[in-house]
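Q: I would like to go through this structure step by step. Could we start with the terms and then turn to the details?

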Amino acid sequence: MNALVRLQAAVESALEDVPPLRVGGTVREVTPTFFRVSGLSSHLRLGDRVGIDHEGRTRIGEVVRVDDAGASIKPFDERVPVGIGESAYRVGTLGLSPDPSWKGRVINALGVPLDGAGLLPRGTKRMPMDAEPPPAMLRQRIDKPVKTGVRVVDLFTPMCLGQRMGIFAGSGVGKSTLLSMLARSASFDTIVVGLVGERGREVREFLEGPLASNLHRSVVVVSTSDESPMMRRLAPQSALAVAEYFRDQGESVLLILDSVTRYAHAARDVALAAGEPAVARGYAPSVFSTLPKLLERAGPGPEGTGNITAVFSVLVDGDDHNDPVADAIRGTLDGHIVLDRAIADQGRFPAVNVLGSISRLADHVWSKDERDLVRRLKSMIARFEDTRDLRLMGGYQAGSDAELDQAVQLVPKIYDALRQYSDAAPSIDCFTELAQAIR
């Protein structure tokens with residue numbers, strides 16, 4: 001028996017020195033956006049990774065289409081010097097192995113460190129990039145309020161731990177600034193930030209500015225606008241994989257993703273390269289099926305784990321809030337904050353349209369008196385805005401309408417109370433601060 005054990009150990013030791021067998025194929029077609037490989041179709045599935053060795057480095061791509069003749073591979077690098085006849089081989093699927101020591105680090109979509117602080121330790125648990133959302137019946141219920149420190153948010157669209165909130169706005173209205181204010185919240189154990197398609201210069205500004213005080217408990221995943229669509233498509237999945245790891249450790253995680261629209265743009269590029277038809281403003285059908293799966297991965301975890309409170313920014317193309325992507329995202333989330341360009345033009349920041357914003361979990365936060373007060377405030381603001389043109393034309397006479405008189409007197413003070421710049425101190429008690437401003 002001992003001889004058999006020794007023989008088995010000797011065989012296993014010898015096998016460790018044998019390189020793994022690679023199932024290979026050959027590049028048959030190269031285009032600006034993808035390349036085709038033959039000889040691998042029977043060994044590949046959608047989402048698998050294929051590698052090509054070039055100049056001592058393995059360049060990888062993802063399988064986006066498989067047929068009898070071959071497979072279409074979309075590379076992660078913007079430009080891969082692939083030639084006809086080169087060998088390609090399957091390298092499996094991607095995943096991350098996060099570790100608590102990742103806090104304070106900046107990585108790219110593939111988990112490669114970008115901050116020059118050395119290699120990242122590998123954790124003991126491998127997290128898939130495309131994990132399934134937790135089963136609906138196993139999720140925890142959401143009932144614990146959370147303070148963001150942003151006065152207008154805590155007043156009109158309050159949030160709970162595990163909620164998924166969207167920030168909808170056109171370009172240049174202040175989405176990233178509002179996200180940076182939310183990132184300063186001290187209500188979370190870990191912060192995971194996904195910067196998708198951002199300008200390269202904004203990365204350090206965000207890290208060394210708004211996030212500086214919380215960087216020691218943050219993991220930042222970066223994919224700038226000059227990177228390939230594959231990297232921009234993968235970055236939100238990587239950020240969610242990291243957030244899911246810390247959620248499974250029982251932590252309360254804040255996930256900030258800027259922006260989901262650029263993820264949708266990247267997913268559209270990949271889908272069109274795979275041969276899908278464009279059905280809605282250039283978007284392929286698969287874009288609208290992948291968005292809910294991505295968004296549903298955030299939220300409360302199964303019983304016994306933590307939660308992921310997620311804030312997604314949505315770039316509304318052409319200020320059209322009925323854009324197909326914005327509409328699909330809005331219907332999936334637990335609330336939305338609308339930023340209005342007209343309010344930003346008036347110099348009021350955050351430029352939140354309180355009448356167009358809603359939190360579907362606000363009743364878990366407000367007391368009965370607070371709920372009644374917020375409804376009265378919204379009614380007063382609506383009356384003030386509806387009569388703006390009438391008042392500008394001189395059609396309003398004080399004393400003729402008591403409710404309008406009250407709105408004209410109080411709403412400008414409310415607007416002043418809601419003004420909060422990015423360098424201002426976080427709000428502590430929004431209702432008390434509002435009452436002091438009105439008095």
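A: Buried means under 20% relative accessible area, exposed means over 50%, and partly exposed lies in between, with a 1.4 Å probe and protein chains only. Helices (H or I, at least four residues) and strands (E, at least two) are DSSP runs, numbered from the N terminus. This is a predicted model, in which local features need pLDDT of at least 70 and side-chain atom pairs count only at pLDDT 80 or more, while totals for chains, interfaces and linings use all residues. Residues are numbered from 1 along each chain as its sequence is written, and side-chain values use heavy atoms, with hydrogens and water left out.

Q: Which residues of H4 are buried?
A: Glu-202, Val-203, Phe-206 and Leu-207 of H4 are buried. Seen down the axis of H4, these buried residues fall within an arc of 130°, so they line one face of the helix. The arc is that of the directions from the helix axis to the C-beta atoms.

Q: And which exposed residues are on the face turned away from the buried side of H4?
A: That face of H4 carries Arg-201, Arg-204 and Glu-208.

Q: What do the buried residues of H4 pack against?
A: They pack against strand S8 (105–107), H3, S13 and strand S14 (218–224), where contact means heavy atoms within 4.5 Å.

Q: Now the pockets. How much space lies in the second largest pocket?
A: About 440 Å³ lies in the second largest pocket. Of the 23 residues that line this pocket, the closest to its centre are Ser-176, Thr-177, Glu-198, Arg-199 and Glu-202. On a 1 Å grid over the protein atoms alone, a pocket is an open set of points where a 1.4 Å probe fits, with protein on both sides within 12 Å along at least five of seven lines; lining residues have an atom within 4 Å of a point. A volume is the space filled by probe spheres set on the points.

Q: Which element gives the largest share of that lining?
A: H3 does, with five residues of the lining of the second largest pocket.

Q: What about the largest pocket: how much space is there?
A: The largest pocket holds about 690 Å³. Its lining has 29 residues, and Gly-47, Glu-62, Arg-233, Gln-237 and Thr-290 lie nearest the centre. H7 gives the most to this lining, with five residues.

Q: Changing topic, how many disulfides does a search of the whole structure find?
A: The search finds zero disulfides, a disulfide being a pair of cysteine sulfur atoms within 2.5 Å.

Q: Why is Cys-430 not bonded to Cys-160?
A: The sulfur of Cys-430 is 13 Å from that of Cys-160, the closest cysteine sulfur, which is too far for a bond.

Q: Is Cys-430 buried or exposed?
A: Cys-430 is buried, with a relative accessible area of 2%.
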